[in-house]
Amino acid sequence: MGALVVNPSAGVGAFSGRFAPNGKLIVSETGSTISAISSYTVLSNGKLSAVTQSLTTNGDANCWNAITPNGAFVYASNAGTSNISGFSTGQSGALTALTSSSVVATNPENATNLDITTSGDGKFLYSLNAMTGTVGVFAIQSNGTLKEVDEIPGFTAAVGFNGIAAL
C-alpha cells in the first residue's frame, strides 16, 4: 500500500464517490447553494484530475449516485426535491445531462429518495423513498432516460431509512 494522497474536491460539498467501470471517479456534491456532480481521472501518482466540474443536478440534496454496469449512464438522487438526474458518460469521463434540466424521474412529493442503485443487468434503477416507505422502480431506456414502472409499498417510512442494493 502506498502513501495516502489527499485530493481537494473540484466542487463544494463532496458527499459520496463511486468508480465507473472505466476507472473514472464520479462524485456527488451537496453544496450550500447547488447540488452537482463531478467526474475525475485518477492519475498514476494518485492525484485526481477533474474532467467534469460541478455539473448541476437541478435538484436539492444530491447525496448518492448510481452508475449503470456498462458505465454509459450516471444517475444522481436528489433527496431534497424527490427527483433523479441523469447523465451520459463519455470515454474520457465527461458527463453530459440527458435532458435540458438533467432531471429524468420524479418520485412522490417529499419522498426523500435517500439512495439509488441499478440492477446488475443495467435495465432498471431503484429509488429508496425513505419518507414514503416505498421503492420506486424505473426502466432505463436506451437513451438513458427513465420510465416509471412501479412503486413498491410496504416499508416503514423513517428518516434514517437508507441503503439499497440490487442484483
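This is a chat about a predicted model of one protein chain, its strands and one buried aspartate.

Visitor: What should I know about the numbering and the model before we start?
Guide: Residues are numbered from 1 along each chain as its sequence is written. It's a predicted model, where local features need pLDDT of at least 70, side-chain atom pairs count only at pLDDT 80 or more, and totals for chains, interfaces and linings use all residues, while side-chain values use heavy atoms, with hydrogens and water left out.

Visitor: OK, how many helices and strands does the protein chain have?
Guide: Zero helices and 13 strands. Both are DSSP runs numbered from the N terminus, with at least four residues for a helix (H or I) and at least two for a strand (E).

Visitor: And what's the radius of gyration?
Guide: It is 15 Å, close to the 15 Å that the globule rule gives for 167 residues, so the chain is as compact as a globular protein of that length. The radius is taken over C-alpha atoms, and the rule is 2.2 Å times the number of residues to the power 0.38.

Visitor: Switching to sheets: in what order do E1, E2, E3 and E4 sit?
Guide: The order is E1-E2-E3-E4, in an open sheet with antiparallel pairing. Two strands pair if DSSP finds at least two bridges between them. The edge strands are E1 (14-19) and E4 (48-56), each pairing on one side only.

Visitor: How many bridges join E3 to E4?
Guide: Six, with E3 covering residues 35-42. Tyr-40 stands opposite Ala-50 in E4, and Thr-41 is opposite Ser-49 there. On the E2 side, E2 (residues 25-30) also pairs with E3 over six bridges, and Glu-29 has Ala-36 as its bridge partner in E3.

Visitor: What's in the turn between E3 and E4?
Guide: The two strands form a hairpin with five residues between them, and Gly-46 in the turn has a positive phi of about 90 degrees.

Visitor: Why is E3 called largely enclosed?
Guide: Six of its eight residues are buried, so E3 is largely enclosed by the rest of the structure. Buried means under 20% relative accessible area (1.4 Å probe, protein chains only).

Visitor: New topic, Asp-115. Which strand is it in?
Guide: Asp-115 is in E10, residues 113-118.

Visitor: Which side chain of opposite charge is nearest to Asp-115?
Guide: Arg-18, at 5.1 Å; Asp-115 is buried yet has no salt bridge. A salt bridge is a side-chain nitrogen of Lys or Arg within 4 Å of a carboxyl oxygen of Asp or Glu.

Visitor: What is Asp-115 in contact with, then?
Guide: Leaving aside neighbours within four places in sequence, its contacts include Trp-64, Ser-77 and Tyr-126. Contact means heavy atoms within 4.5 Å.

Methods:
Buried means under 20% relative accessible area, exposed over 50%, partly exposed in between (1.4 Å probe, protein chains only). Lys and Arg count as positive and Asp and Glu as negative; His and the chain ends are not counted.
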